[in-house]
Structure formats: C-alpha cells, structure tokens
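Q: Please take a close look at one part of this structure for me. Start from a single residue, then connect it to the elements, core and domains of the two chains.

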Amino acid sequence: MNTLTRADLAEAIYAQVGLSRNESAALLETVLERISAALEAGEPVKIAAFGTFLVRQKGQRVGRNPKTGVEVPILPRKVLAFRPSQVLRARINNQVPPKRDDAA
Amino acid sequence: MTKSELIAQLAAANPHLRQPDVELIVATIFDEITAALARGDRVELRGFGAFSAKRREPRTGRNPRTGAAVAVAGKAVPYFKPGKELRERINGGPPQKATSPAQGAASARVA
C-alpha cells in the first residue's frame, strides 16, 4: 500500500493545470487552509461528489486512565467528522456512482 | 462552505488565475484522493489529516422488514482521520489537561 502526500497532490496539480511546482504546492496549501479555517469557525465543509466535513460538539463525560484506573473528567470538546458521499463510496469500490448524490 | 464557495475564495485570492483553472485545481485534489483510495492507497496530509479505505468483510445481513437473510458483499469504506494540528485548531488551540500525565501517575501510585 502506497501513501500519497502533499508532494503527490501538488505534482498532480502541476501536471493537470500547468502551473509551476511551487505555485501548485502553494495552492494545495491554500485549499487545505481554507477548509481548516471554515471548520475552525464551526462551519461544515461540503464537497460535492466527495463528502462533508463537519464539527460535532461532544459533552463532558467521565473517563478512566486505562493503565491506572484513575477517573479523569473528559472535558467538553469538538470533534471533526467526515461523511463520505455516495459517489466517493461507489468510486473507491470501482463502481459506477449513483445518479443522485445526497450525502455530499 | 461548499466546493463552489471554496473555488470562489481561491479565485478571489489568486486573481491571476483563470476560473476554469481554479476549478481544475480543486477537482484535481479531490479526484487524486479518490483515485488513491480506489487503488487501496492512503493519502496523508500532515497537519490536516489522513484518508484511507477500510476493508469491510462480506457478511450475512437481514432484511429488517421480512427477516430474510441476504448476502452483503465485502466492500471498502472511506475513512478520514483528522490530523493533530486540525483537531487542536477546532478546539481553539492545544488542549488544557485537567491533570498532567506526571501528576496522574504519581497520585495513582499513592492510591
């Protein structure tokens, strides 16, 4: 199993769009930064045919240190969830995506 | 924020780029991630998160209405694990722990 990194995505932009490698990398970074900033503001990010990133609020609960058994409060926090769209689900199984994409 | 809003933001920040190029840039990013997952590869974007495809084994499911057994084929399910930096940003900076790990361990030994 291979792992793609920023460099691979920047290379794909370079190959597809024909911008310089430097600018391709900078634009990828801008895209990730804009998505992060929207999520930081608590705003969901919907990418059609890919999926939705959304911030969920979790309440406080009592946790336990599994090693020592000491009870520790787990503070209220926000977690990031990703809901893949039906199109993405179909594509990664190499299937034809459904006509209507309702999860994106 | 939607994909079209993301494209609009990117276009506004880069007035030297043509609109179709901006659309192609955004499409390329998500298409590349999708293609990687379809190949069974993972995509790791440090500070942002990692995309991977989790394998689900074939199983016997049931039609909830009739109770009839139906074979459910194995499949891959997309998964996203947010990166540490992004998790912390969403929570407004690095976490403030109630007790530091050192204190927790010390009180455990006393108890």
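**From one loop to the core**

A: Let's start with Asn14(B), which lies in the loop between helix H1 (3-13) and H2 of chain B; helices are DSSP runs of H or I with at least four residues, strands are runs of E with at least two, and both are numbered from the N terminus. This is a predicted model, in which local features need pLDDT of at least 70 and side-chain atom pairs count only at pLDDT 80 or more, while totals for chains, interfaces and linings use all residues. Residues are numbered from 1 along each chain as its sequence is written, chains are lettered from A and ligands numbered from 1 in the order in which they are written, and side-chain values use heavy atoms, with hydrogens and water left out.

Asn14(B) has a relative accessible area of 12%, so it counts as buried (under 20%; exposed is over 50% and partly exposed in between, with a 1.4 Å probe and protein chains only). Asp41(B) is 27 residues away from Asn14(B) along the chain, and their C-alpha atoms are 31 Å apart.

Beyond this loop, chain B has 4 helices and 5 strands, in the order α-α-β-β-β-β-β-α-α from the N terminus. Buried residues account for 32% of its 111 residues. Of the chain B contacts (heavy atoms within 4.5 Å) between residues at least 6 apart in sequence, 30% link residues at least 24 apart.

Among the strands of chain B, S3 (residues 59-62) and S4 (residues 69-72) run antiparallel and are joined by 4 bridges; strands pair if DSSP finds at least two bridges between them. Across this pair, Arg59(B) faces Val72(B) in S4(B). The hairpin has 6 residues between its strands, and Gly67(B) adopts a positive phi near 80° there.

Now back to H2 of chain B (residues 19-39), which gives 8 residues, the most of any contributor, to the largest nonpolar core. That core (buried Ala, Val, Leu, Ile, Met, Phe, Trp, Tyr and Cys joined through side-chain atoms within 4.5 Å) has 42 residues, of which Ile35(A), Phe50(A), Phe53(A), Ile25(B) and Phe51(B) touch the most other members. Domain 1 (1-40) and domain 2 (44-98) of chain A each supply at least three residues to this core. Leaving aside neighbours within four places in sequence, Ile25(B) contacts Ile13(A), Val17(A), Leu19(A) and Leu27(A), as well as Leu10(B) and Leu17(B).

Leu27(A) and Ile35(A) are among the buried residues of H2(A). H2(A) covers residues 21-40, and its end C-alpha atoms are 28 Å apart, which agrees with the 28 Å expected for 20 residues at 1.5 Å a residue (1.5 Å times one less than the number of residues). Gly42(A), which follows H2(A), has a positive phi near 85°.

The two domains of chain A, whose bounds come from an automatic or database domain assignment, have C-alpha centres 23 Å apart. Chain A also has an open sheet of 3 strands with antiparallel pairing, in the order S2-S3-S6. S2 (45-47) and S6 (77-84) stand at its edges with a single partner strand each, so one side of each lacks a neighbour in the sheet. S3 (residues 51-58) is joined to S6(A) by 8 bridges, and Gln57(A) has Lys78(A) as its bridge partner in S6(A).
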